[in-house]
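This report describes a structural model in three parts: its nonpolar core, one of its helices and the contact between its chains.

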Amino acid sequence: MGLLKTFVLGGIHPPENKLSANSPVRILEIPPQVVVPMGQNLGAPSKPVVKRGDKVKTGQLIAQASGFISSDVHSPVSGTILKIDSVMDMSGYRRPAFIIKVEGDEWMENIDRSETLITDINLNPEEIIAKVKEAGIVGMGGATFPTHVKLMISPGKKADYLIINGVECEPYLTADHQLMLEKGPEIIVGTKILMKALNVKQAVIGIENNKPDAIELMSALAVREEGITVQPLQVKYPQGGEKQLIKAITNREVPSGKLPVEVGCVVQNVGTAFAVYEAVTKNKPLIERVVTVTGKALKNPSNLKVRIGTPIKNLVEMAGGMPDDTGKIIGGGPMMGKALATLDVPVVKGTSGILIMRDEASHRLAEGPCIRCSKCTQVCPMGLEPFLLSRLARIGNYSSAEQEKVMDCIECGSCQYTCPANIPLLDYLRLGKSKVGAMIRGRTKK
Amino acid sequence: MNILTISGSPHLHGDNSTKKIMYGVVVALLPAMFIAIWYFGLGALQVIVLSVVFCLFFEWVIQKYLVKGPVTITDGSAMVTGILLAFNVPSNLPWWMVIIGALAAIGIGKMSFGGLGKNIFNPALVSRVFLLVSFPVAMTSWPKPSPVTKTLVDTITGPTPLGFIKEGLGAGKSLAELSQHLPSYAQQLMGQMGGSLGEVSALALILGGIFMLWKKIITWEIPVSVLVTVFVFSGILWWINPQHYTDPFFNLLSGGVMLGAIFMATDMVTSPMTRNGQLLFGFGIGLITMLIRVWGAYPEGVSFAILLMNAVVPLINNSFKPKRFGSARVAVMGK
């Protein structure tokens, strides 16, 4: 095998630790009560359309998009709305959510629950986008950007490539991998639907070389389809980042501060492609997803199919229960996920994994002085100088941080991972980004 | 269950650490250290031990009693400075001069700037130049290497090949005449010639350099650009007038070029952060070295060259930025 494609600038190779690889997706029992946050997407939170005491069915619309970048929320269970209250979500903040008491599992009549593969799509792009919007689909890789918005190409722009992200470059996570193995044909149909919606002729499914079975299976399915190819990629983090993936596959570089469509590309996660398939062919809204529950001390690392709103406590139970020496619980992967304060937060549309870390691995090491080794600069996939940006943020020189392109940071954490002095570079980069972001917003207001 | 830790991502850390880097450099210095002791005997060992012990001691004293901050002498950086300082002086340097050198390296070169990571100049070279200016005779009397002698202090001293040539040319002798008394390339590679105790064996130093490249402690840019510049510059002069200028291989193998290019110029703290910056930095060191060697007052100029280039590193860092992702002005729309 020759040299595989990958992105050029920077990148790291953390231990993969895909403990739950090849563990088939198991279905988690519906809990007696679910908590469904209204803001599960990037952008504006949704507005409730049901009230306390209302009976809802599985798949029924309970909150509507409120603004352009926003998405609908559906009830993942059937039952009664106990109350609408502020509940702590994965961010650690209390946000409005529905608390629903589960009664049976009665689905909306228009949803096709059969497993039959439907391949004929007789909808036009507008109808597809409307269906995706109605299903409340968001980017399932974790960014949760409303998918229908991504499918609406702004006037004057044109997409010629659809890229399906099956990279799953985060260590530990295997949900996308397993989904490709089990729902390959559906993902291919989902890809075709997305191609039609975007009016593009070519789609490339990018998969890293550490998933040879998925590459083989998806390639075998893709050869039967016109315009769909599978691109095996060299394993390198953060290849699942949109800009890195586009660079790896097409060698195009999204300009600083611009969206992928600027270079004619739209990227969708494999999980999103599957959700789009279910929405368009089965009328099924996004009410469940595959979540990897993993960790070195966990008895039974698993891939679980769970209803949105299920407390992560139940997921951890299913994977063998919380180990005694747990020191950290992470929502998402170890590189970009969020540390959680409690197991009582619900699974949301963007939850790709739950990672349980041992206490000994949960703490940061003591910070030393920067020895100017430039490792952070070498690994930065955006060509930034994290040592400089973190220092600028630390001393509050935000205008220089802006000039040095702090807003280009994708928060992949490669710099901090590689820093020999254990400097919390990304903490300071985030501080810089938020301050510079506020500065920019202040300027545009005037 | 333990109390859960909350911290920002990433939640993983690679196995790289300042300590690993520093002790990696120490390991890389071992071959040259072995050669030094082999050729210069116990004198070399004495200088190395004294230098390391007193570098650690002065760092400890300053951190504990002057700065009153955390003591970090186990991080390996003072040990590296100690070994490099020893490598940069003659093996028969009096013990008290070595101690003064250690104080100059740690006290002036490192701690006065704020300690590890904050110094502008390479501490070992600051000290070497300090000693050279303070004790010019002791710093330029080089014991002759002899693998047999194991006495503490060698009595037979002689000039370095570079000093020999410079003095000879100054006295009006021809290069052909002088060359007969120079060590062969093989002797130079092994280190059988006069010089600072750690700089003599090009082979041992290159071995250490390969180790550091393999361990990703250094990158190729600085050593290669220094060596290429020295080679090309001296090659051009030699090509113009081989009767008056030494050949490029001689220039690479003699003096402190190898030690400087591989171990001194690559000091992370005092070298540029980006590839292009590092290439310019290496070019500058090679150029200044050759200017001093050919037209300067001293026979050797590596230390001065590195210190001068250290001084412009902040400027280089400001002018040479990494290639930003997405900085190309024209977005490429494929067909």
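## Nonpolar core

Leu162(A), Ile163(A), Val276(A) and Leu315(A) touch the most other members of the largest nonpolar core, which has 217 residues. Such a core is a set of buried Ala, Val, Leu, Ile, Met, Phe, Trp, Tyr and Cys residues joined through C-beta atoms within 7 Å. Helix 1 (residues 18-66) of chain B gives this core its largest share, 20 residues.

Val276(A) is in contact (C-beta atoms, placed from the backbone, within 7 Å) with Val132(A), Ile137(A), Thr147(A), Gly190(A), Ile193(A) and Leu194(A), leaving aside neighbours within four places in sequence.

## Model and numbering

The model is predicted: local features need pLDDT of at least 70, side-chain atom pairs count only at pLDDT 80 or more, and totals for chains, interfaces and linings use all residues. Residues are numbered from 1 along each chain as its sequence is written, while chains are lettered from A and ligands numbered from 1 in the order in which they are written.

## Helix 9 of chain B

Helices (H or I, at least four residues) and strands (E, at least two) are DSSP runs, numbered from the N terminus. The 20 residues of helix 9 (residues 221-240) of chain B should span 28 Å at 1.5 Å a residue (1.5 Å times one less than the number of residues), and the end C-alpha atoms are 28 Å apart, which agrees.

Buried residues of this helix include Pro223(B), Leu227(B) and Phe233(B); buried denotes 20 or more other C-beta atoms within 10 Å of a residue's own, with C-beta atoms placed from the backbone. Their cover includes helix 8 (202-214) and helix 12 (275-295) of chain B.

## Contact between the chains

Chain A contributes 60 residues to the contact and chain B 36 residues. On the side of chain A that touches chain B, strand 15 of chain A supplies the largest share, five residues.

Terms used:
Contact = placed C-beta atoms within 7 Å. Buried ≥ 20, exposed ≤ 12 C-beta atoms within 10 Å, placed from the backbone.
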